[in-house]
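This report describes the fold of one protein chain, from its sheet and helices to its nonpolar cores and selected loop residues. The sequence and the structure are shown first.

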Amino acid sequence: MPEVTTPYAPGTPCWVDLAAPDQQAALDFYAGVLGWVGEIGPAETGGYAVCRLKGQPVAGVMAAVPMGDQPAPPTVWTTYLACADADAARRSVESAGGTVLTPVVDVMSLGRMFIAADPTGAVFGVWQAVDFPGAGVVNEPGALIWNELNTTDRSAASAFYRAALGIESSAMAGVEHYDALQVDGRPVGGMQPMPEHLPADTPSHWLTYFAVADTDAAVAEVRAAGGNTIMEPFDMVAGRMAVVTDPQGAVFALIRPKPMEG
């Protein structure tokens, strides 16, 4: 699981954001399901909304609109991996076989970022913190708790993230066909082959997990608010989880984690 640090260690998932066709409807949905507080931002930030939980930044929501000659982004949650130098990270991503999808840009005084895809097609963001390190609360109900790469080629993905961002991977004890993604020897995410329940043509992707106090109740809230269920709540090694979509089609996971031992 990620830990809040300032800044996050390079390679660690540090932020997630959503591009939604109806930004206000997305803000209303996640406020109801996860307890976030957020509003459409000022024009100089393109209306980007930083949602908060307990007064701390927890995730971003932006409008999925065309930008210049670029089409509107897909309605998905994007995982951002921390880096110390965005320009150096961009070069590493390219030399490791990844595809840089956007140039490195300054986000006011907050940080620098770009969007890329790994060699198996999974899209992710890279964030160099300046004034904004990323999520201010994680691993609590309503907050980010896990980021998982579902990939069509584990070996290619493993080699890429190690070379590009220094993320190591190793088999996770007690979980078949599942790898822990590690930074400085600490698990920060997971990687697995493409799940069998997904359509055969599903591309590699990063899946965002949010913690909840009660998975079944949260799924009921998702449905009541117009979302859908991809995987009904079930018990697994890390807790009780489900995979759902919001009313606009963005996929994410919910989990009530098992208490930490010790």
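Met231 stands opposite Val243 in strand E15. This position belongs to the antiparallel pairing of E14 and E15, which extends over six bridges, where strands count as paired if DSSP finds at least two bridges between them. The two strands are joined by a hairpin through two residues.

The model is predicted; local features require a pLDDT of at least 70 and side-chain atom pairs a pLDDT of 80 or more, whereas totals for chains, interfaces and linings use all residues. Residues are numbered from 1 along each chain as its sequence is written, and side-chain values use heavy atoms, with hydrogens and water left out.

**Overall dimensions**

The chain contains four helices and 16 strands; helices (H or I, at least four residues) and strands (E, at least two) are DSSP runs numbered from the N terminus. The radius of gyration is 17 Å, in agreement with the value near 18 Å expected for a compact globule of 262 residues; it is taken over C-alpha atoms, and the globule rule is 2.2 Å times the number of residues to the power 0.38. The C-alpha trace spans about 45 × 45 × 40 Å along its principal axes.

Of the 262 residues, 45% are buried; buried means under 20% relative accessible area, exposed over 50%, and partly exposed in between, with a 1.4 Å probe and protein chains only. The accessible surface amounts to about 11900 Å², and carbon and sulfur atoms account for 56% of this surface. These areas come from the Shrake-Rupley method with a 1.4 Å probe, and for residues only the protein chains shown count as cover. Among contacts (heavy atoms within 4.5 Å) between residues at least 6 apart in sequence, 59% join residues at least 24 apart.

**The eight-stranded sheet**

Eight strands form an open sheet of mixed pairing in the order E10-E11-E12-E9-E13-E16-E15-E14. Strands E10 (168–171) and E14 (228–236) are at the edges with a single partner strand each, so one side of each has no neighbour in the sheet. From one strand to the next, the twist averages 30 degrees. Strands of a sheet pair through backbone hydrogen bonds, in either a parallel or an antiparallel manner.

Strand E12 (residues 186–193) takes part in both senses of pairing: antiparallel with E11 (residues 179–183) over five bridges, and parallel with E9 over four bridges. Three positions in E12 and the residues across from them are listed below.

| Residue | Opposite residue in E12 | Pairing strands |
|---|---|---|
| Ala180 | Gly190 | E11 and E12 |
| Leu181 | Gly189 | E11 and E12 |
| Leu149 | Met191 | E9 and E12 |

The hairpin of E11 and E12 has two residues between the strands, and Asp184 there takes a positive phi near 55 degrees.

Helix H3 (residues 154–165) lies across E9 (144–151), E10, E11, E12 and E13 (205–211), running at about 150 degrees to E12. Helix H4 (residues 215–224) also packs on the sheet, touching E14, E15 (239–245) and E16 (251–257), and its direction makes about 10 degrees with that of E15. Such angles run from 0 to 180 degrees between N-to-C directions, with axes fitted to C-alpha atoms and, for helices, over the stretch in contact.

**Nonpolar cores**

A nonpolar core is a set of buried Ala, Val, Leu, Ile, Met, Phe, Trp, Tyr and Cys residues joined through side-chain atoms within 4.5 Å. The largest has 41 residues, and Tyr30, Trp36, Trp77, Phe252 and Leu254 touch the most other members. Helix H1 (residues 23–34) supplies the largest share of this core, six residues. Beyond its neighbours within four places in sequence, Leu254 contacts residues including Leu34, Phe210, Ala218, Val222 and Val244. A second, separate core of 23 residues includes Ala86, Phe160, Ala164 and Met191.

**Loop residues**

Lys54, in the loop between E2 (49–53) and E3 (56–63), has a positive phi of about 55 degrees although it is not a glycine. Lys54 counts as exposed at 67% relative accessibility. Asn139, in the loop between E8 (123–129) and E9, likewise is not a glycine and has a positive phi of about 60 degrees; Asn139 is partly exposed, at 28%.

Ile40 is found in the loop between H1 and E2 and is partly exposed, with a relative accessible area of 41%. Its C-alpha atom is 7.1 Å from that of Gln24, 16 residues apart in sequence. Not counting residues up to four places away, Ile40 touches Gln23, Gln24, Leu27, Gly47 and Ala49.
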